[in-house]
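I opened the model and kept notes as I went. The entries follow the order in which I looked things up.

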Amino acid sequence: MVSMKQDIHPLLRVLNEQQRAAVTTPTGPVLVLAGPGSGKTRVLTHRIAWMLSEMHVSPWQVLAVTFTNKAAREMNHRLGTMLGDTSARAMMLGTFHATCARILRREGETLGLSPNYLIFDTDDQLTVMKQVVADLGLDDKKYRPHNLLNAISSAKNELILPADYPVRTYHDEIVARAYVRYQQTLRKNDGLDFDDLLMETARMLQTNPTVVRQYRDRFQHILVDEFQDTNIAQYVILKQLAAEHHSLYVVADEDQSIYSWRGADYRNIVRLREDFPELLEFLLEENYRSTQVILDGAQAIIAQNSDRTPKHLFTEKKGGQPISLNEAYDEQEEADFVADETTRLLRNGHKHGDIAVMYRTNAQSRALEESFIRHNIPYRLIGATRFYSRKEIKDVLGYVRLAHNPDDDVSFARVINVPPRGIGARTISAVAAAAQRAGGSLYAGMLALIQAGGQGGRTERALSAFAAMVAQWVVLRQELSVAGLIDRVVADTDYETFIRDGSDQGESRWENVLALRAVVAEAPDISLTDFLTDVALVADVDELSEEVDAVTLLTLHSAKGLEYPVVFLTGLEEGLLPHSRSIESAVEVAEERRLLYVGMTRAERRLYLTYAFRRSWRGFRDSEPSAPSRFLEDLPDAVLKQPRDRGRQATKTSWTPSWRAAPKRAEAPVRVELQYRTGQRVAHAFYGEGMVLGSELEGRQEMVTVLFGNGIGVKKLLSSMAPMEPLPQH
Ligand code: ATP
Ligand code: MG
């Protein structure tokens, strides 16, 4: 036996029989369909190594697609160690979005895109859509920019062009008009949004025979992780590219499909079988991640979903600590439980990095964070306020983007009066009007306005100074490195003085600017275009730095593909998981169940499930008691630490937890957080500066009343939607 082991190729030694078969199969369409922790990602990585070292495949011919940039980096690193050289670097390895962004940089001209096009992130998209809604004279309460963007995103993911948007209702017609206008605005700004990256690439491959031939030759071997979460546009891209060589290798678990709200369609697995009839399928059945108890619990939950292939999963990690199910009075007590238990685990030898706390919605992190701070436990938060969404970072990037393309209206509107340089809302309106008259960008409008004169001495001086500064950046970007350009824009705008207003927040904002500077310094040769592309494609999980030892707080959606020795799943309540938006639809409840399944199967050794009796929401004035998640009913007692008191349980659906009879406290403390206070100064992207007259809750939304200067007057705005930020207090 020992000698046999030595006969095994080194790349295959760390694989089981099923995995080896999948790794060494001849090229052709392959689907590895298997449960969590069974080594799908490992198999994919080894398959690439195997192709490169044993099948005479050149890295240049390989396209490997991962779900996050972080996963791509890890895979790249693994390949480097396995192959012992840097040959894998020539491979195209990254997310669909990053891959498409690179292809479009090279080939976009065939679609009328400039090679320097910019990627508009979620915030930019919202800014554009608000403008569209205003331009079309729509009521933004009835047609919320956010909802319009969602509808357009779904259309793009299904490759539906503006002209083809199906109009069945009045509402569809509005969406169609907004879609047309939105695309025009993006293109006018030389911009693409995330969905455009996919749609335009798919369209190009479908319609341009020269380009598609070129890329079929180039990407002769294509590999995809997390295939169950691909959308139609992504599927079309894969199908187009693989149409000649049929070397398409995908790994998937339909039980972990959790992105249908972003257009993911696990029926792509069915399409794959139809489009590639010679498809070879492999199963992996041994789970290497979790203990038997955790697996049993997770299987019991997912087994309730119909319309799935039952899978047999086993593990050598027999037994294990039972799953701990915990009820708390409210979210605060729940958070304290997590923090206390974390403290105990740390005392018992766990590292902070071993522990992850997961939840359904970002808003749930606040109570957890507060408790972790009180308990002095270092944590890192994935998501919430992304580094690249912070005001100071967006400001600095706004300058840099103007240097890259002064006709970028979104950036122009963002920074024209930041720091305040005496260009008020009235002047900005005049600039916009001039732009409209000239049919050009805001920048062009500003130049026309300066030339026409008549704005009054101070305003004209301010505009001219701003125009001269931007014009100079445009020249300088040719000679300076990105780091040099950042230094220059920060110096020219005197941004440091502006942001370091003496408050702690000012200091930490300035530190963020320095952090951005440091990130750029790490890639001294990067071009401005590449830098802006990278920045736009950074996803939440990518910011997960492994360097600091801290507990990780993340949403269930970000947890895909990750694993931790200890996992806390919090907020397992009706309305949260399953989410209230999903409760009406059996299909959506099934997806929520998969989400829970993904969460549970991240755990290696210990799994805690928690729920609260009451939960106060941002703006939820009288919090109703919440019921434990229906999914918990499917957990067998055998996997639980404290068998539930089933005495009270008449039927499955009326299981009443013990606290229902005797609440531990009488009154629910409802904490409501308003973001704005009366008297606070704010900056609005379109209206300029203003002062908050009042702020109140309407339903779950914060409605802010603001007095803007320059004749704009009083506006009522939804704090979650308005492109508005509090200004530092003087
Ligand atoms: P998910 O569905 O969650 O993405 P996966 O199927 O991709 O999971 P991997 O992440 O590849 O699973 O593997 C799970 C864990 O098991 C990893 O830590 C991996 O290194 C380990 N593992 C996989 N195969 C083996 C094996 N043959 N021997 C030992 N460990 C393995
Ligand atoms: Mg995986």
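These notes cover the ground rules, domains, strand pairing, cavities, one helix and the salt bridges.

**Ground rules**

I am working on a predicted model, so I note the limits: local features need pLDDT of at least 70, side-chain atom pairs count only at pLDDT 80 or more, and totals for chains, interfaces and linings use all residues. Residues are numbered from 1 along each chain as its sequence is written, chains are lettered from A and ligands numbered from 1 in the order in which they are written, and side-chain values use heavy atoms, with hydrogens and water left out.

**Domains**

I looked up the division of the chain; the bounds come from an automatic or database domain assignment. Domain 1 takes 9-107 + 198-284, and domain 2 takes 131-185. Domain 3 is also in two pieces, 292-383 + 546-645. Domain 4 covers 387-537 and domain 5 covers 681-726. I then checked domain 3 against domain 4: their C-alpha centres lie 43 Å apart.

**Strand E2**

I took helices (H or I, at least four residues) and strands (E, at least two) as DSSP runs, numbered from the N terminus. For burial I used relative accessible area: buried is under 20%, exposed is over 50%, and partly exposed is in between (1.4 Å probe, protein chains only). Two strands pair if DSSP finds at least two bridges between them.

I started with E2 and its neighbours. E2 and E6 run parallel, joined by four bridges. Val 62 stands opposite His 221 in E6. E2 also pairs with strand E3 (residues 92-94), again in the parallel sense, over three bridges. There, Leu 63 faces Met 92 across the pairing.

Are the faces of E2 covered or open? Both are covered. Val 62 and Ala 64 are buried on one side, and Leu 63 and Val 65 are buried on the other.

**Cavities**

I ran the search on a 1 Å grid over the protein atoms alone: a cavity is a set of points where a 1.4 Å probe fits but cannot get out, and lining residues have an atom within 4 Å of a point. Grid points are joined across faces, edges and corners, and a volume is the space filled by probe spheres set on the points. By this rule I get two cavities of 30 Å³ or more.

The largest cavity holds about 50 Å³ of space. I list its lining as Leu 63, Val 65, Phe 96, Thr 99, Cys 100, Ile 103, Ile 237 and Leu 241. Strand E2 (62-65), helix H5 (96-107) and helix H11 (232-242) each supply at least two of these residues. H5 gives the largest share, four residues.

For residue classes, Ala, Val, Leu, Ile, Met, Phe, Trp, Tyr, Cys and Pro count as nonpolar, Asp, Glu, Lys and Arg as charged, and the others, Gly among them, as polar. That lining has seven nonpolar residues, one polar and no charged.

The second largest cavity holds about 30 Å³. Gly 28, Arg 47, Met 51, Ile 222, Leu 223, Ser 247, Leu 248 and Tyr 249 line this cavity. Helix H3 (40-54), strand E6 (221-224) and strand E7 (248-252) each supply at least two lining residues. I count five nonpolar, two polar and one charged.

**Helix H24**

I asked why helix H24 (residues 528-537) is largely enclosed by the rest of the structure. Eight of its ten residues are buried, so the description fits. Among them are Leu 528, Phe 531, Leu 532 and Leu 537.

**Salt bridges**

My criterion is a side-chain nitrogen of Lys or Arg within 4 Å of a carboxyl oxygen of Asp or Glu. The whole structure gives 44.

I looked at Arg 20 and Glu 17 (3.6 Å, N to O). Both lie in helix H2 (residues 17-24), three residues apart, about one turn of the helix. Arg 20 counts as buried at 16%, whereas Glu 17 is exposed at 60%.

Arg 594 and Glu 591 meet at 3.0 Å, N to O. They share helix H25 (residues 586-600), three residues apart. Both are buried.

Next came Glu 200 and Arg 187, at 2.7 Å, N to O. Glu 200 lies in helix H9 (residues 194-207) and Arg 187 in helix H8 (residues 170-188), so the pair ties together parts that are 13 residues apart in sequence. Glu 200 is buried at 4%, and Arg 187 is partly exposed at 30%.

Last, I noted a network of salt bridges linking Asp 121, Asp 123, Asp 124, Lys 394, Arg 401 and Asp 408.

Methods. 1 Å grid on protein atoms, 1.4 Å probe; cavity = no way out; pocket = protein on both sides within 12 Å on 5 of 7 lines; lining within 4 Å.
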